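Dear colleague,

I am handing over the structure we spoke about, and below it you will find an account of what turned up when it was examined. Please read the account with the coordinates open beside it.

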Amino acid sequence: MDVYEAVTSRRAVRGFTDRPVPREALERVLTAAARAPSASNLQPWHAYVLTGAPLADLKKRAGERVATGEPWDEPEYEQYPPHLKSPYRERRSAFGEQRYGALGIPREDLEARQRAASANWECFGAPVGLFCYIDRAMGPAQWSDVGMYLQTVMLLLRAEGLHSCPQMAWAKYHRTVAEVLSPPDDLILFCGMSIGFEDVTVDHPRTGRAPLDETVAFPDGR
């Protein structure tokens, strides 16, 4: 697959079939993704891949927490600044309107929004869940490295005909994930990622992007 095609076709898919993903494809993707850049080659990512019974166990545990209304875990990092300024605030709001609007959920129906969000902990039906950790001793530059690694993974998945959905939502249940994965105490769960074959019967509205002149400057004037 052409690189431009991989970039433009990658999107957060929130509906997967239960078709199994070949282990060999995952190994190819994650072997190649190790070539992602990182400062001084620290490679600060720690990935766990769940399929089959272990993933089903995690979904069951998370689903029980959702069903009982148990509070989210104490956050281990700040997902968003407490006071988003413009234009980020408007972009986030527009995303929410599009995401829940496509599901027919009005802004004021918080209960319905919460039900829709709970699909995160079902991995949107995907048969593979990847959980990415980073060492607590790492700083902002290394978190950036992890982001580049995850983007590389997602683009390589497209080359395999697979789709994905990165999910910081899993960090809200990091203790439940740890019950299944038993990661070392010095690791923080950054996010999960659902991986699989797209369910084409599910509508996946594409979010827009800011025009180039809002995010990129060419100071030389050319």
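A search of the whole structure, which is a predicted model, finds one cavity of 30 Å³ or more. The space in this largest cavity comes to about 30 Å³. Its lining is made up of Leu-26, Val-29, Leu-30, Val-49, Leu-130, Val-153, Leu-157 and Ile-195, and when these residues are sorted by class, eight are nonpolar, while no polar and no charged residues appear. Two helices, helix 2 (23–33) and helix 6 (140–159), each supply at least two residues of that lining, and helix 2 gives the most, with three residues.

The next topic is the aromatic rings. The count of aromatic pairs comes to seven. One of the pairs is formed by Trp-45 and Tyr-149, which are stacked, with 4.5 Å from centre to centre and 5° between the planes. Because Trp-45 lies in strand 1 (residues 45–51) and Tyr-149 in helix 6, this pair ties together parts that are 104 residues apart in sequence. Both Trp-45 and Tyr-149 are buried.

Trp-121 and Tyr-173 form another aromatic pair, in this case a tilted one, with the centres 4.8 Å apart and 35° between the planes. This pair also links distant parts of the chain, since Trp-121 belongs to the loop between helix 5 (110–117) and strand 2 (128–135), whereas Tyr-173 belongs to the loop between strand 3 (163–167) and helix 7 (174–181), and the two are 52 residues apart. As for their surroundings, Trp-121 is buried, and Tyr-173 is buried as well. In addition, Tyr-77, Trp-143 and Phe-190 are linked into a cluster by ring pairs.

Rings also take part in contacts with charged groups. The charged end of Arg-19 sits over the ring of Phe-197, at 3.7 Å from the ring centre, and the charged end of Arg-92 sits over the ring of Tyr-80, at 4.0 Å from the ring centre.

You may want to know how many disulfides there are. The count comes to zero. For Cys-123, the closest cysteine sulfur is that of Cys-165, and the two sulfur atoms are 9.3 Å apart, which is too far for a bond, given that a disulfide needs cysteine sulfur atoms within 2.5 Å. Cys-165 is accordingly in no disulfide, with the sulfur of Cys-123 as the nearest cysteine sulfur. Cys-123 has a relative accessibility of 1% and therefore counts as buried, and Cys-165, whose relative accessible area is 1%, is buried too.

A last item concerns a proline. Pro-75 is found in the loop between helix 3 (52–68) and helix 4 (88–102), and is it buried or exposed? With a relative accessible area of 59%, Pro-75 is exposed, because the cut-off for that class is over 50%. Pro-75 and Pro-219 are 144 residues apart along the chain, and their C-alpha atoms are separated by 40 Å.

With kind regards

Technical notes:
Residues are numbered from 1 along each chain as its sequence is written. This is a predicted model: local features need pLDDT of at least 70, side-chain atom pairs count only at pLDDT 80 or more; totals for chains, interfaces and linings use all residues. Side-chain values use heavy atoms; hydrogens and water are left out. On a 1 Å grid over the protein atoms alone, a cavity is a set of points where a 1.4 Å probe fits but cannot get out, and a pocket is an open set with protein on both sides within 12 Å along at least five of seven lines; lining residues have an atom within 4 Å of a point. Grid points are joined across faces, edges and corners, and a volume is the space filled by probe spheres set on the points. Helices (H or I, at least four residues) and strands (E, at least two) are DSSP runs, numbered from the N terminus. Ala, Val, Leu, Ile, Met, Phe, Trp, Tyr, Cys and Pro count as nonpolar, Asp, Glu, Lys and Arg as charged, and the others, Gly among them, as polar. Rings of Phe, Tyr and Trp (its six-membered ring) pair if their centres lie within 6.5 Å; planes under 30 degrees apart count as stacked, over 60 as edge-to-face and the rest as tilted. Buried means under 20% relative accessible area, exposed over 50%, partly exposed in between (1.4 Å probe, protein chains only). A charge sits over a ring if NZ of Lys or CZ of Arg is within 6 Å of the ring centre and within 35 degrees of the ring normal.
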